[in-house]
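Good morning, and thank you for joining this session. Please have the sequence and the model open in front of you while I speak.

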Amino acid sequence: MSVADYEPVIGLEVHCQLETASKMFSACPVGLLAPPNTLVDAYTLGLPGTLPVPNARAVHHGIALALACGCQLHERSRFARKHYFYPDLPKGYQITQAHEPYATGGSLEVPGFRDAEGRPKRVPLVRIHFEEDAGKNVHVPGEDHSLIDYGRAGAPLLEIVSEPTIGSPEEAAAYLRELRTLVRTLGISQANMEEGTLRCDANVSVRRRGSTALGVRCEIKNLNSFRFLAQAIAAEIRRQIDLLEQGQVIESVTLSYDVERDRTRVMRSKEDAADYRYLPEPDLPPLWISSEWIDRVRSELPPLPAARRAGYLAQGISEDDAVLLASEPALGDYLDRTLAAGAPAKKASNWLTVELLGKLNADGIGIERSPVTPEALAELIAMVEADEVSGRAAKAIFASLYGELRESEGSTPPLTPRTIAERDGHRQVSDAGVLEAAVREVLAGHPEQVQQFRAGKTKVRGFFVGQVMKKTRGQANPQVLGELLDRLLGEDD
Amino acid sequence: MTPNRIIELSARAIARHVREGSLRATEVLEAFEARADATEPVLHAYLLRARDEARTAAEAIDGARAAGHPLGALAGVPIGLKDLFVIEGMHTRAGSRILEGWIPPYQGTHAARLLGAGAVITGKLAMDEFAMGSSNENTPYEPVRNPWDPRYVPGGSSGGSAAAVAAGSCAAALGSDTGGSIRQPASLCGVVGLKPSYGRVSRHGMIAFASSLDQAGPIARDVRDAAALLQVLAGPDPLDATCVDAPVPDYLASCDRGAAGLRVGVHREALASEGLDPEVAKAFEHALAVLQDAGATLVDVELPHAEHAIATYYVLCTAEAASNLARYDGLRYGARIARASLRETYEATREAGFSAEVKRRILLGTFVLRKDSYAAYYGQAQKVRRLIARDYARAFEGCDLIASPVSPVPGFAVGERSHDPLTMYLSDVFTIGANLAGLAAISIPAGLSAATSGRPALPIGVQLMAPALQEPTLLAAAAAHEDATDHHRLRPPDPPRSATASEPDPGAGGAS
């Protein structure tokens, strides 16, 4: 058999740190860049006599994600203790939701991927649940001890578990990107892989193509960039296929990804797997999520990426652009404001993705700090649509507008596409009466070329266009000009 | 007022005198300290006497009064706290070597509320390690002795609290009750012990043994003192999610309601057990007669699953204990036995830091939570717990209170049962139902056993239980019983007898 005879089956477990002022179970502040062990309180350190109190804001965020994914929200869910001894775990257990998560089911659309029926791919979710983060052990090279930072301990997390229905490393990366887009759109997490506010483990198995049974799955831990996620899964697929091809069985193991050698490495086998001795958390009553609470969160939901994409596609925006523009809330918001200001969708998306993002990316500026407002962009597009300026002039106007606004950082009197068009003489002359005079002048001044044209040398037409443009300093509406030329050259003397 | 008169006063009377200026808080403190100086060498009720902090607090009360500031309900009342209550800045160990040296950097809710009411905290009272025990013998420190006869245990786990209140080395105390740990020592020491309904008093700042069963409560000289302390302690706490968000009634007022018309349920089947000491049975029947005289009526109740209560309790409490005690790894606070590797450090620290009974319960609890034993043990116990709670709910459809003995025996001698954990566990038979079902319960003095050649006269307590949050009914009946009797006025010998005077005959101690 060959590699092509196998298909991978991938499921992801994603941890997402929620954007809240305080930790999951105490009033202790949360932060990313604080000095070690400064963001701690008695509960965070697991001091005797302290008790957890759930963070309502974190629950609010969890409801938002569950709604966005179409999950079933459970009115009653429970917390549980997951036990293991490790220095970064101050209580000797982590509070999580084991058997009764607050949300089950639902799905996430993976943009750019299709299912077997050719519909947009949706990856079903098993569950989403709350938990608290652990601290961090810091191993100092060459030292005989390790340091522990409890600053992250107790930070609020959502764990999002997908069904094993992801079909390729690329699809896994796209799923994770979409999840990142979604939580950022909801404003519930910074979801930054480098900073650890988005973390991912992957369960990978392979099976004979056409088989419906699942193979033995192996878990790759700590895949903390999109690139490594795809690479690690690809490497693990290769490892498993190699084993099967050699007639060996796959053992359920936990692996890490060795970036240098581009291969997965076994960390521990199933026999070493810990028994977490789950215990329903006696310090916390069941978590009740009322339908009123759910309705309130639903009424506050922003436009969601999948809906945005569908809307953009329906308005004629290309799929690539639609995915790009829905990938970041600020981008989608920008486009939506441009459209609200009257710009046609396809034009707006072209201007945004090509001209504006081109400049912003070159300058390293985020869309939310764009010098050109959506309303200004819409005005410029409207001017092109109304033949007030030519496409080329519009690009010049855009360049001036962007450059000058960026230099002045908004301190100059209002600059708009129209004021620049006036100032720099970019206004297009579409008045046939005005243009006719200019055309007649050019034709009168070049009888030789008129002769040549009439003798069948139609190439000369371009010469007349150039001459009229020169005369009108480029402001002649090319279409009106063309029609005039055709008419006047067709006339007899 | 003489020091001996002062220590005879109720907590309420002390606070009244201090508020009115007829006694100074410092004067009160000195009287109780003098008493503690006399009794402690024999009783060992205190693990830590906070003389400096107590003096500062008493002086602050006197200063506040001199300045004309209003004083709280417990102004100047010397109160001792079981060692598992966190007091900011005060050595707190839950009676365990593993917390040796730990000074809490935060204030527990109980200390905060008591201090806020003007109480003077006299120190940390001894206990069975992590509240696991019924005799105070599960301790790496000096075991507490019963003030009525130091050859006898004071009960446990709040033995230090009960002994100190009985001996008069504090006016009232705080204990914790997971399976009877307030009520049983109160019974054995002849004082009042109140276990409030689960969630009535915060657990924030109370070092956990078994979180779903633990409840803090007062140990006091009389029912009204217990009510006065509960008044200060009860009520919602934003730092405890299991604390019940219900208004706090006027508990002192409910003490004057009387027992007329109350239906008192009796589970006769439980009384038929062969382990019940005749002296206890006699005191119990007498208490029932007192309640009837006060206007209560008796009804029989059925508790069909009661026989499974002890097994259920020991599965649940050991599981929760194993979990709650996981944090004591020697890395962040308390004792640490450093070894070459992390694992060895954990093992050495926990091996040396926990005593045998605590280790036994951690092992049991770890076992019942294992993936392959969870369903048969923990899962099953949870189901039975629900059945037991339902039994009580049904029983309370036909009565307002359920009465029973507290301990099957009046008391037992030091060393008599310490090598027989099973017998020790069985002695919780009357008390653990209230914990499993989250009920309110109280132990009130019901007289002394008759002295025999093998056993001195020892106090006997009677238990009343009420549905959750029905403390007012509980206190009404308890106070009615107290108003009709003098049992709560009985005092242990003063000065205390020496513990080594003569060894009791352990065989004559009664029960099983």
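His44(B) sits in the loop of chain B between helix H3 (25–43) and strand E1 (46–49). The model is a predicted one, and in it the phi of His44(B) is near 55°, a positive value in a residue that is not glycine. The relative accessibility of His44(B) is 22%, and the residue therefore counts as partly exposed.

Chain A offers a second case of this kind. Asn222(A), also not a glycine, has a positive phi of about 55°. Its place is the loop between strand E13 (218–220) and helix H3 (226–245) of chain A. Is Asn222(A) buried or exposed? With a relative accessibility of 54%, Asn222(A) counts as exposed.

Returning to chain B, I would draw your attention to a peptide bond. The bond from Gly156(B) to Ser157(B) is cis, with omega near 5°. Ser157(B) belongs to the loop between strand E3 (120–125) and helix H6 (159–167) of chain B. As background to these three sites, most residues other than glycine have a negative phi, and most peptide bonds are trans.

Next, a hairpin in chain A. Strand E9 (residues 136–139) and strand E10 (residues 146–149) of chain A run antiparallel and are joined by four bridges. Within this pairing, Val138(A) stands opposite Leu147(A) of E10(A). How many residues lie between E9(A) and E10(A) in the hairpin? There are six, and in the turn Gly142(A) has a positive phi of about 85°.

Let us move to helix H1 of chain A, residues 56–68. The 13 residues of this helix reach 18 Å from the first C-alpha to the last, close to the 18 Å expected at 1.5 Å a residue. Why may H1(A) be described as largely enclosed by the rest of the structure? The reason is that eleven of its 13 residues are buried. Among them are His60(A), His61(A) and Gly62(A), together with aliphatic residues including Val59(A), Ile63(A), Leu65(A) and Leu67(A). The buried residues also include Ala58(A) and, at the end of the helix, Ala68(A).

I turn now to the salt bridges. Over all chains, a search of the whole structure finds 63 of them. I shall describe three pairs and one network.

In the first pair, the side chains of Arg308(A) and Asp333(A) meet at 2.4 Å, N to O. Arg308(A) lies in helix H5 (residues 305–314) and Asp333(A) in helix H7 (residues 329–340), both of chain A, so this salt bridge ties together parts that are 25 residues apart in sequence. Arg308(A) counts as buried, at 6% relative accessibility, whereas Asp333(A) is partly exposed, with a relative accessible area of 37%.

The second pair also involves helix H7 of chain A. Here Glu375(A) forms a salt bridge with Arg337(A), and the closest N and O atoms are 3.0 Å apart. Because Glu375(A) lies in helix H9 (residues 374–385) of chain A and Arg337(A) in helix H7, the pair ties together parts that are 38 residues apart in sequence. Both partners are partly exposed: Glu375(A) has a relative accessible area of 36%, and Arg337(A) has a relative accessibility of 45%.

The third pair is in chain B. Arg268(B) and Glu285(B) form a salt bridge whose closest N and O atoms are 2.8 Å apart. Arg268(B) is in helix H10 (residues 268–271) and Glu285(B) in helix H11 (residues 278–293), so that distant parts of the chain, 17 residues apart, are linked. Arg268(B) is partly exposed at a relative accessible area of 35%, and Glu285(B) is partly exposed at 36%.

As for the network, salt bridges link Glu379(A), Glu388(A), Arg418(A), Glu422(A) and Arg427(A).

Finally, the internal cavities. The structure holds seven cavities of 30 Å³ or more, and about 90 Å³ of space lies in the largest. Which residues lie nearest the centre of the largest cavity? They are Gly133(B), Ser134(B), Ser181(B), Tyr313(B) and Asp428(B), out of 13 lining residues. By class, that lining has seven polar, four nonpolar and two charged residues.

Thank you for your attention; I shall be glad to take questions.

How values were computed
Residues numbered from 1 in each chain as written. Chains lettered and ligands numbered in written order. Predicted model: local features only at pLDDT ≥ 70, side-chain atom pairs only at ≥ 80, totals over all residues. Heavy atoms only, no water. 1 Å grid on protein atoms, 1.4 Å probe; cavity = no way out; pocket = protein on both sides within 12 Å on 5 of 7 lines; lining within 4 Å. Points joined across faces, edges and corners; volume = space filled by probe spheres on them. Nonpolar A, V, L, I, M, F, W, Y, C, P; charged D, E, K, R; others polar. Salt bridge = Lys/Arg side-chain N within 4 Å of Asp/Glu carboxyl O. Helix = DSSP H or I, 4+ residues; strand = E, 2+ residues; numbered from the N terminus. Buried < 20%, exposed > 50% of the residue type's maximum accessible area, 1.4 Å probe, protein only. Pairing = 2+ DSSP bridges. Expected span 1.5 Å × (residues − 1).
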